[in-house]
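Subject: Model for your review

Hello,

Please find the structure below, followed by notes on what was found in it.

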There are 2 protein chains.
Amino acid sequence: MNKDESTEARILGAARKVFLKRGMDGARMQDIADEAGINKALLHYYFRSKEKLFETIFLEVAAGFLPKVGKILEAQVPLFEKIEMFCEEYINQILQTPYVPIFVMNEINRQPKAFLQKILLQRNLPIAAFLKQVEDEVKAGIIKPVNPVDIFLNTLSLCLFPFIARPMLQLVTGMDTASFNALMEKRKTEIPRLIINSIKK
Amino acid sequence: MNKDESTEARILGAARKVFLKRGMDGARMQDIADEAGINKALLHYYFRSKEKLFETIFLEVAAGFLPKVGKILEAQVPLFEKIEMFCEEYINQILQTPYVPIFVMNEINRQPKAFLQKILLQRNLPIAAFLKQVEDEVKAGIIKPVNPVDIFLNTLSLCLFPFIARPMLQLVTGMDTASFNALMEKRKTEIPRLIINSIKK
DNA sequence: GTCTATAACTCGATAGAC
DNA sequence: GTCTATCGAGTTATAGAC
């Protein structure tokens with residue numbers, strides 16, 4: 001708990017931490033209050049309900065999870081460079097917030113669809129720009145004929161899945177967090193190599 | 001609800017369904033009872049508590065999620081064939097139970113470590129056999145020098161991540177379940193091609 | 001074994017003092 | 001704005017009849 005921050009900021013920080021760890025259903029308002037160094041009543045004073053507080057956090061987290069790399073996806077850059085930049089940047093970002101991917105995936109799975117559409121569909125992810133670029137380079141004969149969705153899905157899978165599987169991976173292999181981070185550091189360059197190698201002529 | 005099954009079997013089926021959908025924290029004993037066509041008290045008669053019931057289900061689901069493909073991993077088969085068999089078989093399996101990966105990943109993230117070790121560490125996953133085979137083929141100069149863990153992680157990522165990201169994928173792209181399944185059907189052969197291509201000399 | 005009724009408890013939310 | 005105290009809804013778990 002940081003006395004310098006405003007109460008609202010402390011609540012948001014605490015809520016983010018607890019929701020990320022426990023999910024909406026597992027989180028307790030009492031835990032958030034404790035984490036923020038205040039009492040439950042104040043949570044309701046600043047945010048009307050648990051649901052509103054969660055919505056605020058989820059919006060913030062989901063916004064950071066998806067479109068921060070959006071600028072890269074729509075940048076005017078050759079495809080291979082773009083893939084390299086994307087992996088480097090995305091893995092860097094997730095290394096800072098390793099619990100985010102599994103949290104987002106899980107909540108998307110559990111929350112009612114209407115709630116999610118409200119949050120996600122209003123942001124226009126520039127995925128389409130990336131898919132089009134792949135398609136164009138296929139047509140121009142620059143790269144092999146591939147399904148653009150597969151390329152995007154492959155890139156995302158290789159960057160994100162290790163973070164999602166990390167608890168299991170560490171449990172099964174006994175790997176510690178430092179080793180895991182080192183592994184991901186290497187993968188920043190190896191993932192693009194793998195992807196590019198699969199599509200270059 | 002199937003009247004032919006024993007009460008215990010009906011409870012297990014119902015619990016599996018509800019826990020998979022809602023997770024431990026989101027699941028309600030009432031929902032499980034309704035799904036099984038009995039009342040709450042009977043759940044406690046057969047399984048002492050919600051926690052015990054969850055433990056039973058989680059053990060069963062996790063056991064099916066990880067080591068069913070174990071036989072393939074330790075089989076006496078050339079590496080490339082093994083990778084092909086693994087992807088084909090694993091994707092087939094998950095297509096039957098598409099909610100399992102995200103459920104397992106999520107609960108591993110939330111449950112206390114002691115509980116998980118009790119469940120997971122007692123089964124010896126034959127991952128080591130696969131890693132050793134990759135290592136041997138590297139030493140023998142049959143394939144490129146690679147980190148075996150990377151190969152395993154890549155294969156797992158490409159097979160599993162799409163299922164974990166499916167709700168988001170469908171939300172963002174508007175893809176329906178049939179299209180998604182068709183995509184995964186194609187990936188059964190494309191994933192091994194990608195992996196093998198990255199390590200063959 | 002299965003049910004109804006209810007106890008025991010957890011937790012989000014509110015009232016009201018300061 | 002912040003606190004203490006408490007309500008009331010919802011949930012797990014148990015008692016006891018059949």
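In these notes a residue is near a molecule or strand if its C-beta atom, placed from the backbone, lies within 6 Å of it. This is a predicted model, in which local features need pLDDT of at least 70 and side-chain atom pairs count only at pLDDT 80 or more, while totals for chains, interfaces and linings use all residues. Residues are numbered from 1 along each chain as its sequence is written, chains are lettered from A, and ligands are numbered from 1, in the order in which they are written.

The DNA

Around DNA strand C there are 16 residues, of which A:Met29, A:Ser49, A:Lys50, B:Thr7 and B:Ala41 come nearest. Helices and strands here are DSSP runs (H or I, at least four residues, for a helix; E, at least two, for a strand), numbered from the N terminus. The surface near strand C draws at least two residues from each of helix H2 (29–36), H3 and helix H4 (50–65) of chain A, and from H3 of chain B. H3(B) gives the most, with four residues. By class, the surface near strand C has six nonpolar, five polar and five charged residues. Nonpolar covers Ala, Val, Leu, Ile, Met, Phe, Trp, Tyr, Cys and Pro; charged covers Asp, Glu, Lys and Arg; the others, Gly among them, count as polar.

DNA strand D also has 16 residues around it, and A:Thr7, A:Ala41, B:Met29, B:Ser49 and B:Lys50 come nearest. Here H3 (40–46) of chain A and H2 (29–36), H3 (40–46) and H4 (50–65) of chain B each supply at least two residues. The largest share of the surface near strand D, four residues, comes from H3(A). That surface divides into six nonpolar, five polar and five charged residues.

The two chains

Chain A has 11 helices and zero strands, and its C-alpha trace spans about 65 × 40 × 30 Å along its principal axes. Chain A is superposed on chain B by a rotation of 179° with 0.0 Å of shift along the axis (RMSD 0.1 Å); the fit is by least squares on the C-alpha atoms of residues with pLDDT of at least 70 in both copies. That is the relation of a two-fold axis.

The contact between the chains takes 33 residues from chain A and 33 residues from chain B, where two residues are in contact if their C-beta atoms, placed from the backbone, lie within 7 Å. On chain A, the elements giving two or more residues to this side are H1 (7–26), H7 (100–110), H8 (113–120), H10 (148–173) and H11 (177–199). H10(A) gives the most, with 15 residues. The side of chain A that touches chain B has 19 nonpolar, nine polar and five charged residues. Of the contact residues of chain A, 100% recur in chain B, so the same surface serves both copies.

Helix packing in chain B

H4(B) and H7 (residues 100–110) of chain B pack at an angle of about 115°, with their axes 10 Å apart. Axes are lines fitted to C-alpha atoms, for helices over the stretch in contact, and angles run from 0 to 180 degrees between N-to-C directions. H4(B) contributes B:Phe58, B:Val61, B:Ala62 and B:Phe65 to the contact, and H7(B) contributes B:Val100, B:Pro101, B:Phe103, B:Val104 and B:Glu107. By class, this contact has eight nonpolar, no polar and one charged residues.

Regards
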